[in-house]
Amino acid sequence: MPRQKIVIDPVTRIEGHSKISLHLDEKGRVEEAYFHVTQFRGFEKFCEGRPFYEMPSLMARICGICPVSHLVASAKACDAILAVRIPENAARLRRILNLAQLVQSHALSFFYLSSPDLLLGMDSDPAKRNIFGVAEKFPAIAKDGVRLRQFGQQIIEWLAGKRIHPAWVVPGGVTEPLSAANRDRILEAIPEALGIAQRTLDWFKSEMERFREEIRTFANAPTLFMGLVGPNGNLEHYDGKLRFLDAGGHIVQDGVDGADYANYIAEMAHPWTYLKTSFYKPLGYPEGVYRVGPLARLNIVDGCDTPRASQEWAEFRELDRGAVLSSFHYHYARLVEIAFGLEKIEQLLNAPDILDTNVRAIANANNSEGVGVAEAPRGTLIHHYKVDRDGLITWANLIIATGHNHAAMNRGVLQVARHFVRGNKLTEGMLNRVEAVIRTFDPCLSCSTHADGRLALEVQLRSHDGELLDTQRN
Amino acid sequence: MSAKAPVRVKTLTIDGREVGAREDQTILEVATENGIFIPTLCDLPGLSTVGACRLCLVEVKGARGLLPACVTRVAEGMEVAVNSERLDRYRRGILELLFAERNHVCSVCVVNGHCDLQSLALRLGMTHVHFPYQYPRLPVDASHERFVVDHNRCILCARCVRVCDEIEGAHTWDIMSRGVDCRVITDLAQPWGKSESCTGCGKCVQVCPTGALSEKGKSVAEMSKRRQFLPYLTLMREGRR
């Protein structure tokens, strides 16, 4: 076991910075691997003393890519503090917003960040292995990706007023109802977006054979899976109950109310990273390691209540006898969810009451505590607040998708490193595969990637006694 | 102010423009009447003037320093400059100090987009804060049933103090301590919710230029202030005297 201590350099305060270190034994074989997230944000602390109704907007500032997810989870926690049931149409509108966010974020992850690996090859020239390289060689696919993401963002703008950090979702509901004009605009654009989703799915499925080695090694290990499921066990992103599933596909725990999360999920901190690791409490660590996100969601549900996604889901589940285990299939799951999101948005917009103007419940802080759980694109997001009698926050706890996935990501890095690293010399292709396994999780390292669409990654190769053999960074 | 005395008219120039004024008017009043912009934060028509924010500083020929336009009376032949490179620099400096002194986080503030401080910073071209932020730990008092005071956003303009005293007549608000410890307080520094003098009229909330005073439950960017009532109230109060 490694004995040396790796110092985390706090220079990387910039968003989306991470570091990987590999520890080698005397024979130069990978013994241990660490995925370090080297930034500290402190949101749980500096919200203390602020009024609870400020939380949705304050907490959404955690992330510019998925502010909507934080808005939704935070507003749900605040609903619980208000102790109200929000108007039905408010929930419907929030649901649409959340799905639009899912579509745009998945499109970003798949097309902008991961498609270069898939289309141009894991070992291709790193200078071209980005969205611009894709646009050069596969312009149609790049265009589809840009269009799909734009559509998701556009829905957010039409509903909430602006694309990033809208203040539309508030405790008790939303501030403005949906206009007929905006409903029609969204409905009009859905067929085109669904066409893109279908095209991409068909293409991805036909290409999967080429990635056998990656499928076999990309965090392909038995873990539990967790996520929200709807009342009939259907795919769900806004509300519902938590379900835990084991690697064999058996339900371990079902119907867990979000408010009881602390009985099932525990967090632990590590000296080598600012990112906490969550695990399933009854099993402890490391047996209770679980994954969340698109792959987990498709694994835990009993079905999808939209026609196209339903078919795709059934096909997806054929990949494995129990749960689908390879994290490489996060990509696949993401595409299925894009189709689901678009179909579901269409369904919701066609609801007869969608233009109802009763979209906000007004109340004071009636409860001293509230938990909000929703599915962010990357997985289950939990916001938990406590307030004093005047409604000022006294305590907050946030559990973010990347925290749930942390242990699995680490294992993935180790697995890929053991498989691809030979001897004491790193190759670029190996580096990229280690990056790629992390990319499958679409991690939100609070929560961003750089302008060129890649993680700022540094890989250190260390010998058994801690000597630095080689370093590579992109 | 006596209605009987004959009104004397003074003539002066503002930025080279000749203007006429009553002798009891301030430079700020005359400028406003003539459509000349002078930035202010503490001034509010209908309330007494205190000259607290110093943003309305102008150059008067022959005067030793800069004079606050809100409390400086006009004089015959006065030559006033309200726009100059020096004034711009000072005004931006004052705004930057206001931003640096407390925690003005516009993006999550209830008055984002409807804030006097924010819009003035935009208008005067303040792009950065060149002073180190102080990040004081200041409390939020949410003890009142309907209103909240957030000291992080307060610029000590004393509009709340004046409107409560002069218009509502309750004099709930006051200012305590000196320098960086200065705070607006309710009653004798009691929680607002415990105040016996507060009538809960909400005028202070409406005249507050920033998000320091807001209605409870208003979300980010949702609070806009309504001040139309002020001139009418003033008129009615004065008419009855």
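Two strands count as paired if DSSP finds at least two bridges between them. Keep that rule at hand for the exercises below, which explore a predicted model.

## Exercise 1: A hairpin in chain B

Find out how many bridges join strand E8 (residues 173-176) of chain B to strand E9 (residues 183-186) of chain B, and look at the turn between them.

**Solution.**
Step 1. Start with the bridges: there are four of them between E8(B) and E9(B), and the two strands run antiparallel. Pairing needs at least two bridges, so E8(B) and E9(B), with four, qualify.
Step 2. Pick out one bridge. Ile175(B) has Val184(B) in E9(B) as its bridge partner.
Step 3. Follow the chain through the hairpin. Six residues lie between the strands, and Ser177(B) takes a positive phi near 65 degrees.

## Exercise 2: Two open sheets

Work out the strand order of the open four-stranded sheet in chain A, then name the strands at the edges of the open three-stranded sheet in chain B.

**Solution.**
Step 1. In chain A the order is E7-E6-E5-E10, with mixed pairing. The edge strands here are E7 (251-256) and E10 (290-291) of chain A, each pairing on one side only.
Step 2. Zoom in on one pair. Strand E6 (residues 241-245) of chain A runs antiparallel to E7(A), and three bridges join them. Across this pair, Leu245(A) stands opposite Ile251(A).
Step 3. Turn to chain B, where the three strands are ordered E6-E7-E10 with antiparallel pairing. E6 (140-141) and E10 (213-215) of chain B each have a single partner strand, so one side of each has no neighbour in the sheet. These two are the edges.
Step 4. Check a pair here as well. E6(B) and strand E7 (residues 147-150) of chain B are antiparallel over two bridges, and Asp141(B) has Val149(B) as its bridge partner.

## Exercise 3: Covered helices

Decide whether helix H3 (residues 67-82) of chain A is enclosed or open, and list the buried residues of H4(B).

**Solution.**
Step 1. Take the helix in chain A. H3(A) has 16 residues and reaches 22 Å from its first C-alpha to its last, close to the 22 Å expected at 1.5 Å a residue.
Step 2. Count its buried residues: 16 of the 16 are buried, so H3(A) is largely enclosed by the rest of the structure. After the helix comes Ala83(A), with a positive phi near 60 degrees.
Step 3. Now take helix H4 (residues 159-168) of chain B, where seven of the ten residues are buried. They are Arg159(B), Cys160(B), Val161(B), Arg162(B), Val163(B), Cys164(B) and Ile167(B). Gly169(B) follows H4(B), and its phi is positive, near 80 degrees.
Step 4. Look closer at Cys160(B). Leaving aside residues up to four places away in sequence, Cys160(B) touches Trp173(B), Val184(B), Cys204(B), Val207(B), Cys208(B) and Leu213(B).
Step 5. Place Cys160(B) in a wider setting. The largest nonpolar core has 197 residues, and Cys160(B) is among those with the most contacts inside it, along with Leu159(A), Val336(A), Val413(A) and Ala417(A). Helix H4 (residues 88-120) of chain A gives the most to this core, with twelve residues.

## Exercise 4: A residue that touches the other chain

Determine whether Glu54(A) is buried or exposed, and which residues of chain B Glu54(A) touches.

**Solution.**
Step 1. Locate Glu54(A) in the loop between helix H1 (43-46) and helix H2 (55-60) of chain A.
Step 2. Apply the cut-off: a residue is buried if 20 or more other C-beta atoms lie within 10 Å of its own. Glu54(A) has 26, so it is buried.
Step 3. List the contacts. Not counting residues up to four places away in sequence, Glu54(A) touches Val108(B) and Val220(B).
Step 4. Widen the view to both chains: twelve residues of chain B are in contact with 15 residues of chain A. The chain B side consists of seven nonpolar, four polar and one charged residues.

## Exercise 5: Two domains of chain A

Find which helix gives the most to the side of domain 1 of chain A that touches domain 2 of chain A.

**Solution.**
Step 1. Set the bounds: domain 1 covers 17-39 + 403-473, and domain 2 covers 64-214 + 229-261 + 290-362 of chain A.
Step 2. Describe the contact. 21 residues of domain 1 of chain A are in contact with 21 residues of domain 2 of chain A.
Step 3. Name the contributors. Helix H13 (401-420) and helix H14 (428-440) of chain A each give two or more residues to the domain 1 side. H14(A) gives the most, with eight residues.

Methods:
Residues numbered from 1 in each chain as written. Chains lettered and ligands numbered in written order. Predicted model: local features only at pLDDT ≥ 70, side-chain atom pairs only at ≥ 80, totals over all residues. Buried ≥ 20, exposed ≤ 12 C-beta atoms within 10 Å, placed from the backbone. Contact = placed C-beta atoms within 7 Å. Domains from an automatic or database assignment. Expected span 1.5 Å × (residues − 1). Core = buried A, V, L, I, M, F, W, Y, C linked by C-beta atoms within 7 Å. Nonpolar A, V, L, I, M, F, W, Y, C, P; charged D, E, K, R; others polar.
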